[in-house]
Amino acid sequence: MLDNSAISKHLGKTSQYKSTYDSTLLVREPRQSNRTYLDIHADNLPFVGYDTWNAYECSFLLNNGCPVTGVCKLTYPASSESIVESKSIKLYFNSFNMQKMGTSLKEAITSFSKLVGGDLCSLLKTNVQVAFIPGHVYDTTQVSAHDFYNKDQYITLENSIDEKELYSTTFDVYKETPSLLLNSSDAIDVAREQYFHSGLLKSNCRVTSQPDWGDVYIYIKTCQEINKLSLLKYIVSFREECHFHEEICECIYKRLQTMFNPEELFVMCLYARRGGIDINPMRASNNTLLYSKSGNLLDVFSPHVKTSKQ
């Protein structure tokens, strides 16, 4: 049973929204509280990775009272001991709504970014990169997952399986079940690159049980041919799981690693925004793979790679 005591300050409770800066609203949750059952340990992580957050409802004031609006993008490593709890950071960002941050737009954005970065670095005890992209800049940028993740390369599972096979298959497992994962009877002499995508990822918040909708991208290099239908059924099996976004991504990574013993593995979950914030964890077997497969997610100064849900 997962211990939610550290994150019970805001989640599942009525909140009073403050409109002036208050860093005490921030709450962290140890990553290890979920990793233990997956046999993942901080001193020997089976992956490298980052979590990228996009907060679309960020605003503060210039010293003359004129509002500034935009998107705050932040990223921090999967090696950090803790994650920031999502409702707490929403309340934290809202506490800037009536806060005066500088005389000019440049000064105010710099002050905001430095203050947020400092607070999150202190909270999480790791390096957190933060950038604020003004609304007028963000609105002129066309960003789509299709631009970064080649749909001809990534096979969308639910669209690539023969309709007769798909419609005759029973989907009735909605709790994460690794035994659903199967390899094909086709033998592969050497490791081959396989790319998969699904827009059917859905899980629930660990505390409130609110639904979280996402797209999952998987790159795997292995000598085993992965059965596409079994992989889709496995992804669907998260439908009634109650975990945070980061935990879902790490679970998928760990199960694929255990089942298929890959030479290389990359898993990225692009979640839809809830409460004005989207969370996008990515895990990889090495840093070269991480940076080559994650598009612009790790660049805090670039607008977020969006899916249709976002």
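Select Lys306 to begin, in the segment that follows helix H10 (287-293); the model in the viewer is a predicted one. Lys306 is buried and yet has no salt bridge, for the nearest side chain of opposite charge, that of Asp278, is 5.7 Å away, and a salt bridge would need a side-chain nitrogen of the lysine within 4 Å of a carboxyl oxygen. If you now display what surrounds Lys306, leaving aside neighbours within four places in sequence, you will find it in contact with Tyr56, Tyr138, Val143, Ser144, Ala145 and Arg273.

Before going further, colour the chain by pLDDT. The protein chain averages 92, and 93% of the residues score at least 70. Among its elements, helix H3 (residues 105-124) has the highest mean pLDDT, 98, whereas helix H5 (residues 145-148) has the lowest, 77. Where pLDDT is low, the predicted coordinates should not be read in detail.

Next select strand S3 (residues 67-77), which is mostly covered, with 9 of its 11 residues buried. On one pairing, S3 runs antiparallel to S2, and 10 bridges join the two strands; to see one of these, pick Phe60, whose bridge partner in S3 is Val68. S2 and S3 form a hairpin with 5 residues between them, and in the turn you can select Gly65, which has a positive phi of about 95°. S3 also pairs with strand S5 (residues 129-134), again in the antiparallel sense, over 6 bridges, and here Leu74 has Val130 of S5 as its bridge partner.

From S2, step back along the chain to Asp39, in the loop between helix H1 (32-35) and strand S2 (48-61). The phi of Asp39 is near 60°, a positive value in a residue other than glycine, and with a relative accessible area of 51% this residue is exposed.

Now select helix H9 (residues 245-260), whose 16 residues reach 23 Å from the first C-alpha to the last, close to the 22 Å expected at 1.5 Å a residue. H9 is largely enclosed by the rest of the structure, because 12 of its 16 residues are buried; among them are His245, Glu246, Glu247, Ile248 and Cys249, as well as Leu256 and Phe260. Just after the helix comes Asn261, in the loop between H9 and strand S9 (264-271). Like Asp39, Asn261 is worth a look at its backbone: its phi is near 45°, a positive value in a residue other than glycine. At 64% relative accessibility, Asn261 counts as exposed.

Move on to Ala191, which lies in strand S7 and is buried, with a relative accessible area of 18%. The C-alpha atoms of Ala191 and Glu263 are separated by 7.5 Å, although the two residues are 72 apart along the chain. Leaving aside neighbours within four places in sequence, Ala191 is in contact with Glu263 and also with Lys221, Thr222 and Cys223.

For the last stop, select Asp172, in the loop between helix H7 (163-168) and strand S7 (183-204). At 55% relative accessibility Asp172 counts as exposed. A distance drawn from its C-alpha atom to that of Ser237 should read 8.2 Å, the two residues being 65 apart along the chain.

Key: Residues numbered from 1 in each chain as written. Predicted model: local features only at pLDDT ≥ 70, side-chain atom pairs only at ≥ 80, totals over all residues. Heavy atoms only, no water. Helix = DSSP H or I, 4+ residues; strand = E, 2+ residues; numbered from the N terminus. Buried < 20%, exposed > 50% of the residue type's maximum accessible area, 1.4 Å probe, protein only. Lys, Arg positive; Asp, Glu negative; His and termini not counted. Contact = heavy atoms within 4.5 Å. pLDDT = per-residue confidence, 0-100. Expected span 1.5 Å × (residues − 1). Pairing = 2+ DSSP bridges.
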